[in-house]
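Welcome! Take a moment to look over the sequence and the model, and then we can walk through a few parts together.

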Amino acid sequence: VTNSLVGDGAHVDGKVKNCIIFRGVKIARHAELENCVVMQNVNVGDNCKLHNIIVDKNVAIRGGVTLQGSESYPVYIAKNSIV
């Protein structure tokens, strides 16, 4: 975890850089997050790569998913989604 805010109860096994991680988030091994906002109760699967993403509450991102937005226009994942 580098240059990030991580809420209590978050479980981070992957790499996180320049992110805001809310409580109750689970980030699996080999997942990479950069410039992301991840709200509470989100599960990020193994081998995921997320760059410039905003993830709303109660989202499940399955393993192997790669998502990338731009710095001026980040990608938004809606509440209660499965990706």
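Let's begin with Gly63, which touches Gly45, Asp46 and Cys48 when residues up to four places away in sequence are not counted. This is a predicted model. Gly63 and Gly45 lie 18 residues apart along the chain, yet their C-alpha atoms are separated by 4.0 Å. You will find Gly63 in the loop between strand 11 (60–61) and strand 12 (66–68). Is Gly63 buried or exposed? Its relative accessibility is 51%, and exposed means over 50%, so Gly63 counts as exposed.

Now for the sheets. One open sheet has four strands in the order 3-6-9-12, paired in parallel. Its edge strands are strand 3 (15–17) and strand 12, each of which pairs on one side only. From one strand to the next, the twist averages 5 degrees. Within this sheet, Glu34 stands opposite His51 in strand 9.

Another open sheet is made of five strands in the order 1-4-7-10-13, again with parallel pairing. Strand 1 (5–6) and strand 13 (75–77) stand at its edges with a single partner strand each, so one side of each has no neighbour in the sheet. Here Leu5 has Ile20, in strand 4, as its bridge partner.

Two of the strand pairs can be set side by side:

| Strand pair | Residues given | Pairing | Bridges |
|---|---|---|---|
| Strand 1 and strand 4 | strand 4: residues 20–21 | parallel | two bridges |
| Strand 6 and strand 9 | strand 6: residues 32–34; strand 9: residues 49–51 | parallel | three bridges |

How values were computed. Residues are numbered from 1 along each chain as its sequence is written. This is a predicted model: local features need pLDDT of at least 70, side-chain atom pairs count only at pLDDT 80 or more; totals for chains, interfaces and linings use all residues. Side-chain values use heavy atoms; hydrogens and water are left out. Two strands pair if DSSP finds at least two bridges between them. Buried means under 20% relative accessible area, exposed over 50%, partly exposed in between (1.4 Å probe, protein chains only). Contact means heavy atoms within 4.5 Å. Axes are lines fitted to C-alpha atoms, for helices over the stretch in contact, and angles run from 0 to 180 degrees between N-to-C directions.
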